[in-house]
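User: Could you take a close look at one part of this structure for me, the largest pocket, and tell me how far I can trust the model around it?

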Amino acid sequence: MRTLEDKTFLLLIIAISLAFVWILWPFYSAVLWGAVLAIVFAPLYRRLSRSMRQRRNLAALAAVMIIVVIVILPLTLITASLVQEASGAYEKFKSGELNLAHNFQQVVDALPTWMANLLDRFGLTNLAGVQETLSAGLMKGSQFLAAQALNIGQTTFELIVKLFVMLYLLFFLLRDGDELFRIIKDAIPLRAEQQRAVFSKFATVIRATVKGTIVVAVVQGALGGLIFWFLGVRAPLLWAVLMAFLSLLPAVGAALVWLPVAIYFIVTGAVWQGLVLMAYGVLVIGLVDNLLRPILVGTDTKMPDYVVLISTLGGIEIFGINGIVLGPLTAAMFMVVWDIFTASRQSAQNDPG
């Protein structure tokens, strides 16, 4: 009977836990980013708590306000500006002011004959048809957005609610984080050394992903947008966001944006702009990762680039923007649990007693 009771209770724990996850699922993104921000800004909260003589409520509130000022407000302003700039770019494309076919034809005309013939052989010189396809796609997209206009109020309300849930949860995770960690640690049935390995890797990957990946990507995107604005490239904020997104992916990077633009400048006669952009991309944008990442997260936390690339792309495919964190985190947890299993198995083989 004892075995039956234990199994029944274990099934009850699993069922109740799954039901709890099901209830929280509509707000999983708010819970995720609340936990991520709590882990990243936990050192800031501890410093504030010491300076405020262990007044935990006041320290947690101050930390949340700082996070709102340095993270939430800038992100909101950038998003609003991005939407406005994207709408302006779409209107220019729709009116014909932004003519991709003409710009591409300028590049083709400036290429050597053998290269132009090679592009023509593969059918890459006829961009007019591609532009027509893009125009049709953008038109359908605008019609879809118009049809969804009635849902904008509801969507905005949902975003505000999720933001409130995230900040509310963030306050308590900062204030009671150490106590919650002890509760979770005591509840998980793992040996002490296994718990240390799992929890330390979990926190390390969260901090490395946010500080060493997202922050570096934002800096690279900002630097790229700055040089685009200086050189007079249209929609610099839009290109900055694209470069930041591509910088999240190792072995891809912002060069996929600035390098073609630099080549376009050179072949269309704007030689100094192209050379400046190429030098800036290599010496400034390209070196940010090598300089900032070791300062932010050190060198011992870096996963192989191919693992980060595949896990990030897979995470984005499944979870959307949340996959930027969930993808590498899942890959890191996969690696650490298998390392623990291998070490435990080898220990058992070396010590049969």
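Analyst: Let's start with a term you'll need: pLDDT is the predictor's confidence in each residue, from 0 to 100. It matters here since this is a predicted model. For the protein chain, the mean pLDDT is 77, with 74% of residues at 70 or more. Confidence is highest in helix α2 (residues 28-40), at a mean of 89, and lowest in helix α7 (residues 127-147), at 52. Over residues 142-154 the pLDDT drops below 50, and that stretch has one contact beyond near neighbours in sequence. Where pLDDT is low, don't read the predicted coordinates in detail.

Now for the pocket itself. The largest pocket holds about 1900 Å³ of space, and 41 residues line it. Nearest its centre you'll find V71, L75, T76, T79 and I321. Helices α2, α4 (56-95), α8 (152-187), α9 (192-230) and α10 each give two or more residues to the lining. The top contributor is α4, with nine residues. As for chemistry, the lining splits into 31 nonpolar, seven polar and three charged residues.

One of those lining helices, α10, is worth following a bit further. The axes of α10 (residues 236-247) and α11 (residues 255-267) come within 8 Å and cross at roughly 130°, so α10 is oblique to α11. On the α10 side, the contact is made by W239, L242, M243 and L246, and α11 brings L256, V257 and W258. Those contact residues come out as seven nonpolar, no polar and no charged.

Notes. Residues are numbered from 1 along each chain as its sequence is written. This is a predicted model: local features need pLDDT of at least 70, side-chain atom pairs count only at pLDDT 80 or more; totals for chains, interfaces and linings use all residues. Side-chain values use heavy atoms; hydrogens and water are left out. Axes are lines fitted to C-alpha atoms, for helices over the stretch in contact, and angles run from 0 to 180 degrees between N-to-C directions. Helices (H or I, at least four residues) and strands (E, at least two) are DSSP runs, numbered from the N terminus. Angles under 35 degrees count as roughly parallel, over 145 as roughly antiparallel, 65 to 115 as roughly perpendicular and the rest as oblique. Contact means heavy atoms within 4.5 Å. Ala, Val, Leu, Ile, Met, Phe, Trp, Tyr, Cys and Pro count as nonpolar, Asp, Glu, Lys and Arg as charged, and the others, Gly among them, as polar. On a 1 Å grid over the protein atoms alone, a cavity is a set of points where a 1.4 Å probe fits but cannot get out, and a pocket is an open set with protein on both sides within 12 Å along at least five of seven lines; lining residues have an atom within 4 Å of a point. Grid points are joined across faces, edges and corners, and a volume is the space filled by probe spheres set on the points.
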